[in-house]
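Below are some comments on the complex, set out as numbered points for discussion. They take up the contacts with one nucleic acid strand and then the pairing of the protein chains.

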Number of protein chains: 2
Amino acid sequence: MSTIKPTPAPTLRRLPKYLEYLHEAKRKGIASISCTTIANDLKLDSVQIRKDIGITGIVGKPKTGYNVDELIHSIEKHLNWDDMSSAILVGAGNLGKAFLGYENFKKYGLNIVVAFDKDRNKIDGNIFNVPILHIDKMVDLTYRMKIHIGIITAPADEAQEIAELMILSGIRAIWNFAPRHLDVPDNIYVENAELSSDISHIKRRLKEITDKEKKYSESN
Amino acid sequence: MSTIKPTPAPTLRRLPKYLEYLHEAKRKGIASISCTTIANDLKLDSVQIRKDIGITGIVGKPKTGYNVDELIHSIEKHLNWDDMSSAILVGAGNLGKAFLGYENFKKYGLNIVVAFDKDRNKIDGNIFNVPILHIDKMVDLTYRMKIHIGIITAPADEAQEIAELMILSGIRAIWNFAPRHLDVPDNIYVENAELSSDISHIKRRLKEITDKEKKYSESN
DNA sequence: ACATTATCGATATAATTATATCGATATAAA
DNA sequence: TTTATATCGATATAATTATATCGATAATGT
Ligand SMILES: NC(=O)c1ccc[n+]([C@@H]2O[C@H](COP(=O)([O-])OP(=O)(O)OC[C@H]3O[C@@H](n4cnc5c(N)ncnc54)[C@H](O)[C@@H]3O)[C@@H](O)[C@H]2O)c1
Ligand SMILES: NC(=O)c1ccc[n+]([C@@H]2O[C@H](COP(=O)([O-])OP(=O)(O)OC[C@H]3O[C@@H](n4cnc5c(N)ncnc54)[C@H](O)[C@@H]3O)[C@@H](O)[C@H]2O)c1
């Protein structure tokens with residue numbers, strides 16, 4: 001009956017940031033918290049935080065704010081982090097291996113249960129307790145395990161082919177770390193992890209700072 | 001004289017995507033390209049691409065589009081990728097090591113010249129030709145090398161302290177992979193690499209798909 | 001040479017997102 | 001008990017970002 005509320009993308013990007021802060025607050029023994037406080041600490045706007053938080057369905061109390069536990073629960077539920085999803089990873093190289101050992105993914109409701117590679121030297125071993133199997137086994141095994149999330153940490157030139165195999169495997173959402181556009185049907189969701197976008201921001205901001213300083217020193 | 005044009009953040013995020021596509025096109029021998037073509041291939045809006053591209057200063061020709069080489073150059077120049085920046089990395093663990101071996105960073109104008117760690121077993125070795133030194137040497141060395149970009153790939157609990165040391169080192173921009181908010185002065189730019197935000201999107205979208213299917217199968 | 005067409009740059013409109021304001025209310029202080 | 005205050009949720013306004021439209025122009029075909 002209920003229509004699926006389309007959470008704005010910017011909100012979806014900010015919510016994990018609040019969560020991280022709230023877990024930290026909880027660890028410090030803080031029981032309830034207001035948007036004003038969060039905003040001060042994270043240097044954000046309190047109205048925006050209130051709105052973001054409101055989207056998750058929780059209601060706060062005037063003067064007090066929100067109960068930290070309830071707030072954490074409300075956000076995690078909204079992000080679906082309370083419901084663990086299995087995922088496969090393809091490409092157990094430098095980046096892939098780092099991911100296999102990253103315990104935090106489980107906190108975000110993501111559990112990498114098996115990895116695949118084409119390098120025979122890497123397969124049949126375990127990295128951080130995650131088995132590494134040959135890529136040939138992916139389609140059948142993933143399909144039978146009903147896994148819907150695939151992570152690509154293989155070279156860019158292999159990414160499209162791997163994506164297509166993933167789709168055959170029943171994967172519905174692909175988290176792509178290879179710097180290559182994936183051409184997939186409309187019903188497959190691709191999240192591109194573009195580290196290069198971060199670098200754009202960093203370098204541009206740094207240029208602004210440098211230019212400003214140059215201008216300033218010239219005017220002296 | 002010229003005011004620093006403030007490129008919209010969404011544009012800054014999209015430009016690297018175009019670049020990646022354009023390099024691929026160039027490799028295929030394509031000499032000139034139109035926004036319509038790019039839009040079709042990347043499944044984006046051509047007007048948006050034209051606007052993004054226009055911000056970098058290039059002018060195209062009606063009916064033809066843009067020269068691929070010139071377009072690549074215009075975007076890379078705008079992103080400051082043609083001008084290599086040195087960076088330091090702190091925390092040569094799983095993720096940090098992967099980064100040290102990642103050749104693409106250089107294409108984005110980012111060169112990690114030295115890494116620091118506090119684990120004596122890791123220091124004084126080289127990983128992918130990048131020297132690993134003890135964290136105690138960071139402030140002095142970084143300051144003397146005039147490096148302005150710092151990457152944090154150390155545990156979250158250490159992140160704030162490392163950030164403060166980085167600021168002492170003359171670092172102006174911090175790329176933070178630790179899931180922790182950094183409290184820094186206004187003149188320091190922090191780019192938080194929130195992998196958890198990507199997961200939010202993936203899990204939410206997957207939930208939408210699943211819910212829709214459930215609804216559909218119930219109505220049958 | 002002239003018409004046709006694809007695409008450009010610019011401008012106008014629409015949609016989304018962020019911020020400011022305001023009445024209501026729970027807590028704390030007078 | 002009454003008053004002051006911080007914060008909430010809702011609503012209104014402003015800013016940013018995305019999309020649609022249009023005249024101008026370079027290439028192509030008649
Ligand atoms: N290393 C980084 O820091 C980093 C950062 C951002 C993005 N990336 C991207 O992530 C990807 C992996 O980077 P990396 O540094 O880990 O590279 P890597 O070479 O260390 O690892 C790639 C792995 O993929 C495997 N592989 C290759 N083709 C395959 C196939 N068809 N099927 C299955 N496995 C296959 C290889 O055997 C190897 O183990 C690349 O696309 C890279 O651009 C890497
Ligand atoms: N591994 C991943 O896939 C991944 C993904 C996203 C974010 N992260 C984040 O990146 C950070 C590193 O993750 P990891 O998996 O590589 O952890 P890790 O434990 O493998 O590496 C951390 C490294 O930091 C070093 N270190 C600790 N304290 C230090 C200090 N004060 N100064 C200098 N070095 C110090 C350690 O000696 C270790 O080598 C963590 O904050 C993690 O949450 C990791």
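**Notes on the predicted model**

1. In this predicted model, a base oxygen of DNA strand D lies 3.3 Å from an N or O atom in the side chain of Lys51(B). The elements that contribute two or more residues to the surface near the strand are helix H2 (35–42) of chain A together with helix H1 (9–27) and helix H3 (46–55) of chain B, and the largest share, three residues, is that of H3(B).

2. Chain A also reaches the strand, since a base oxygen of DNA strand D is found 3.0 Å from an N or O atom in the side chain of Lys63(A), while a polar side-chain atom of Thr36(A) is 3.5 Å from a phosphate oxygen of DNA strand D.

3. Of the strand D atoms within 4 Å of the protein, 70% belong to sugar or phosphate and the rest to bases; the residues of the surface near the strand comprise nine nonpolar, six polar and eight charged.

4. Between the protein chains, 65 residues of chain B are in contact with 65 residues of chain A, and the area buried between them is about 6,400 Å², with 59% given by carbon and sulfur atoms. His201(B), Lys203(B) and Arg204(B) supply 12% of the area that chain B buries against chain A, more than any other three residues.

5. Six salt bridges are found across this interface, and the side chains of Asp183(B) and Lys43(A) meet in a salt bridge at 3.0 Å, N to O. On the side of chain B that touches chain A, H9(B) gives the most, with 16 residues.

How values were computed: Residues numbered from 1 in each chain as written. Chains lettered and ligands numbered in written order. Predicted model: local features only at pLDDT ≥ 70, side-chain atom pairs only at ≥ 80, totals over all residues. Heavy atoms only, no water. Near = heavy atom within 4 Å. Polar contact = N/O pair within 3.5 Å; in protein donor to acceptor, adjacent residues only side chain to side chain. Helix = DSSP H or I, 4+ residues; strand = E, 2+ residues; numbered from the N terminus. Nonpolar A, V, L, I, M, F, W, Y, C, P; charged D, E, K, R; others polar. Contact = heavy atoms within 4.5 Å. Buried area = accessible area lost by both parts, 1.4 Å probe. Salt bridge = Lys/Arg side-chain N within 4 Å of Asp/Glu carboxyl O.
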